[in-house]
Structures are given as structure tokens and as C-alpha cells.
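Me: I've got a chain open here. Can we talk through its pocket first, then a few other things?
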Amino acid sequence: SSDLSSSARSFAAMPNTIPLASGGVLDLDALPKRATREMLQACAEEIRRLQALAAGKEACSLDPSTPQRKRARVEATVASSKKAPAATSRKATAAATAPGSKPLPAAMAKSLVADIKAKLKTAKFHPGSHAEARLVRISAPRFPQEEAAALLGAGEDGKIQTRTLEGEEIARILRLKQGDLKGTLYWKPSRFSKPGTGMRRCGTAPLKLLSLELAYKKGDLHGRLRCINTSDAGEEVFARFPGSLTLMKRMVAQQEALGCMDGASDVDMASDGLFS
């Protein structure tokens, strides 16, 4: 009877009757003094039913079937929106690390050009058919890694690559104008020269830039510039006959003097015709 009383108290907020197997009902508001086996079985079954119902409601509240499907869609949308900027940033990074075609900053380009000019002072070029390409090694210590990556490009592992520039691309990257780089010309002794005759300096000539290999190592930018002096027909003649340079200068001076004399005589003749 004590169990029946406790069961009745737990169901105070629920229907006050429990159906029995025999077809009758158990009134919880008017419990009998003695409980039968049938009543206890009915109460036990009702308790199990209510427990199962409570467990089902709790499972439904925790079951993510319908609500979490909607939440999953929302999370997928949020995840895609988060991935989109990441993908964009990766593309932007890939574009930034690709080899650039923009000129170097003026200060950096000036430093590299100054190093090239300093190394060209000791390089010897030859005019005419004796012209040979020269290799000039340059370096820029403590070169910024960001500028190196923008200039040379970087691989997927972030390692800065090497790059080879050619022709006008070198001039654009280094901010060079035509004729900015010049080499010193030296005559080569001919086979008819006296024994012991050495090379003679014979002026300067603009340089043609062939290629520039760049690499970035341990914070320094290293380069190998190949260049050759330009030549024309006059240089070809001077290279074959070194004495012809002096002779050519004398001939030009004589032609200028003769031109001045002819001009003066023409003026004199015209003045005589006016006043005659």
C-alpha cells in the first residue's frame, strides 16, 4: 500500500484513474485500503509508460534530425562564406608571389646600377669584330625578402626562386635608359704590331644588355649580368686599322676648313656682284 500511495503522489498532476486489465479503473483520489495484484500491475505499467514517454520527449528534444538539418545548411553556408575569402586570399598570395614585371623601387634600382657601373670599370671591351660579351657579377646585401619575392616569385613551399631577365626587361626592372651603361674600349694588338705591344684604350661605347640571372640567398640578392658593346661600321674600320682613327679626324678637320673657305669665297663673289 505504501508503494501505491507513492505512485499516486507522483501522478498528482496527471489523470486520476488508471484502467485495469479486468475492465475496471483504479481511482487515485479514492484508493482502497488493500491493493490487489491487478492494481499493482496496472500502476507498474502506467509508471513504465510514463517513463518511456518522458524518455521519448527528452530524446526528441536532443534529437538533431529536423532542427540540425537546417542548422547544418546554415553552417554549410557560413563555412562556404568563410572559405571564399580564404580562397581569394590564397589567389592573391599566389599572384603576389608570381614573378613581377614592375620596376624595382628607385633606391634599390639605383644601388644595383651603381654596383654594375663599379664592376664595369675593370671590364675591358673591344671594338668591331673583336667585341666579346662580358660577365659582370653583382650583389645587393640585406635585400628585403618581400621585394625579392615580388621580383623573383616564390614556390608553393614559400622558397624564393631564381629568375633570368633578358633584353629590354632588364632595363625596365633596373630603371635604365638607353646609354646609361657604357664600357671602356681597348684596341687589341694586331699581328703586325711590334712585340710587347699591349692593348690601348680607345674610348667608350654603349652596352647592350643580353641577360641577367638573379638569385636570393641568405638575405642577399645576387646577379650575373651578360653584356656586350655595340659597334658600327666606323668602329669596324678603326678596329682593323687603328691608325685610321687619327687619319679620319684629320680628314674631318680638313673638310670643315675647306667648307669654311668655300663659304667665305661665295660671300666675297656675291658682294662683288652687288657693288659692281
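Me: What volume does the largest pocket have?
Reply: About 290 Å³. This is a predicted model: local features need pLDDT of at least 70, side-chain atom pairs count only at pLDDT 80 or more, and totals for chains, interfaces and linings use all residues. Numbering runs from 1 along each chain as its sequence is written, and side-chain values use heavy atoms, without hydrogens and water.

Me: Which lining residues are closest to its centre?
Reply: Gln178, Gly179, Leu207, Lys208 and Leu209, out of 14 that line the largest pocket. Lining residues have an atom within 4 Å of a pocket point on a 1 Å grid; a pocket is an open set of points with protein on both sides within 12 Å along at least five of seven lines, using a 1.4 Å probe.

Me: Which element gives the largest share of that lining?
Reply: β7, with four residues. Both α6 (168-173) and β7 (200-217) supply at least two. Helices are DSSP runs of H or I, at least four residues; strands are E, at least two.

Me: New topic. Is Glu46 buried or exposed?
Reply: Buried, because its relative accessibility is 17%. The cut-offs are under 20% for buried and over 50% for exposed, with a 1.4 Å probe and protein chains only.

Me: Where is Glu46, and what does its side chain contact?
Reply: Glu46 is in helix α2 (residues 37-62). Its side chain makes a polar contact with the side chain of Arg49, at 2.4 Å. A polar contact is an N or O pair within 3.5 Å, one able to donate a hydrogen and the other to accept it; residues adjacent in sequence count only if both atoms are side-chain atoms.

Me: And how many helices and strands in the chain?
Reply: Eight helices and eight strands. Of the 276 residues, 24% count as buried.

Note on methods:
Grid points are joined across faces, edges and corners, and a volume is the space filled by probe spheres set on the points.
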